[in-house]
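Got your viewer open and ready? Let's take a short walk through this model, one selection at a time.

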Amino acid sequence: MKSVQSVEFYTGSRQELIPDFEKDFPYIASRAELDKYIGRFAPWHWHKMVEIFYMESGTLEYYTPKEKIQFPAGSGGMVNSNVLHMTKAVSQTQKNNQLLHIFDVSLIAGEQGSRIEKKYITPIVTAPQIEIIPLFPENAAHQKIIKRICEAFHFSSNTFGYEMNLREILSEIWLLLFELSYPMLDKNRECNRNNDKIKSMMIYIHEHYFEKIAISQLAQSAYLSERECFRVFQDCLHMTPVEYIQSYRLQRACQMLARGQESITAISHACGLGSSSYFGKIFREYAHCTPSEYRRKWQDSDRL
C-alpha cells in the first residue's frame, strides 16, 4: 500500500491525477497521511475512478456540492465517479490517516455494455443524487460493508490469484453498496447541470490564476451570464467566484512556500496576489500566520 501526502492534478485542472494507475488492472490501494498534506486538507477536485475508503485514525470532513459529512475513525464510505469534493482533517493534534481503494468501475463491470455494467454499475455512477455513501459502524448493515472494505486492504499483490480475489471482494462490496443505495435511485431529482459548468470555470481559474480574472470572462468560459456564474459557485462550492479565486491563489502560494525558496514578493506576484504587503495581510487571515512562519513550519516538518 502506497503512502500519499498530497493530491496531484492534471495540468490546468482539478481532476486528480492518480499515480501508478495501470490500464490493465485499474486499481490502487493507498494510505492518505492527511497531517502531511499542506494545510491538512485536499482541495476541491474530482476523479473518474470510484473511491472507497476507511478512516484508520482521526476525523475527516468531506465536502460536496450538496452536503458536508464527518467521518470519525472506524467509519468509511464511497465517493462516486466524477463527484466534486474536498476533504479536511478536523483534528490538528491527533493522527489523521485514511485508507483508500481507488478503481475504475470497468474492473468489476467487465466488458463495456455488459449486463453487469448496465444492471449494477451504471445506475450508481450516473446518479447525480449519489455523491457519497457514508458508512458508520453503529449501523449493522454499514458495519458489514466496512468489515469487507478493511479485509480487502490485507490482500497482497505477491500472492497467487491476487487480482481475481481482489476483484471478487470489490464486487461484493459494490453489490452491498448498490443494495444500500437502491432506494435513492428512485428519488426524482433533477439532473445536476451545474456539475460541468463549475468544473469548466474551475479549470479556467486554474489556468489563469496568475492573471487578472474578470467575472465576465469566467462566466463566458462556461457560457453563462455573470448572475448565473455567481449562482453556480454558491450552489456548488458555497462561496463566490471572487472568494474561490483568492482561495485558489492562496493554496498555490502555500504550495510554493512549503516546497521552494522563492522570495515572498516573487510568490505573491506569481500567484496573482499583488504586492507583498497585501499578500501578507490576506495570508495571515487565511493561514493564521505570516508567509515566513508558514514556510518554516512546513519545511521543518519535511525534515523530521
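## Stop one: a covered strand

Select residues 27-33 to bring up strand 2, which is mostly covered: five of its seven residues are buried. Keep in mind as you click around that this is a predicted model.

Now add residues 97-103, which make up strand 9. Strand 2 and strand 9 pair in the antiparallel sense, with seven bridges. For one spot along this pairing, click Ala32: opposite this residue stands Gln98 in strand 9.

## Stop two: Met86

Next, select residues 85-89. This is strand 8, and Met86 lies in it. Is Met86 buried or exposed? Its relative accessibility is 14%, and buried means under 20%, so Met86 counts as buried.

What is Met86 in contact with, leaving aside its neighbours within four places in sequence? Show Phe41, Ala42, Pro43 and Trp44, then Glu61, Tyr62 and Tyr63, and you have its contacts.

Before moving on, try a distance between C-alpha atoms: Met86 and Glu117 are 31 residues apart along the chain, and their C-alpha atoms are separated by 28 Å.

## Stop three: two crossing helices

Select residues 115-125 for helix 2 and residues 162-185 for helix 4. Their axes come within 10 Å and cross at roughly 60°, which makes helix 2 oblique to helix 4. The crossing is left-handed.

Now show the side chains in the contact. Helix 2 brings Lys119, Tyr120, Ile121, Pro123, Ile124 and Val125, while helix 4 brings Trp174, Leu175, Phe178, Ser181 and Leu185. Colour them by class and you'll have nine nonpolar, one polar and one charged residues.

Conventions:
Residues numbered from 1 in each chain as written. Predicted model: local features only at pLDDT ≥ 70, side-chain atom pairs only at ≥ 80, totals over all residues. Heavy atoms only, no water. Helix = DSSP H or I, 4+ residues; strand = E, 2+ residues; numbered from the N terminus. Buried < 20%, exposed > 50% of the residue type's maximum accessible area, 1.4 Å probe, protein only. Contact = heavy atoms within 4.5 Å. Axes fitted to C-alpha atoms, helices over the stretch in contact; angles between N-to-C directions. Parallel < 35°, antiparallel > 145°, perpendicular 65-115°, else oblique. Left-handed = near helix turned anticlockwise from the far one by under 90°. Nonpolar A, V, L, I, M, F, W, Y, C, P; charged D, E, K, R; others polar. Pairing = 2+ DSSP bridges.
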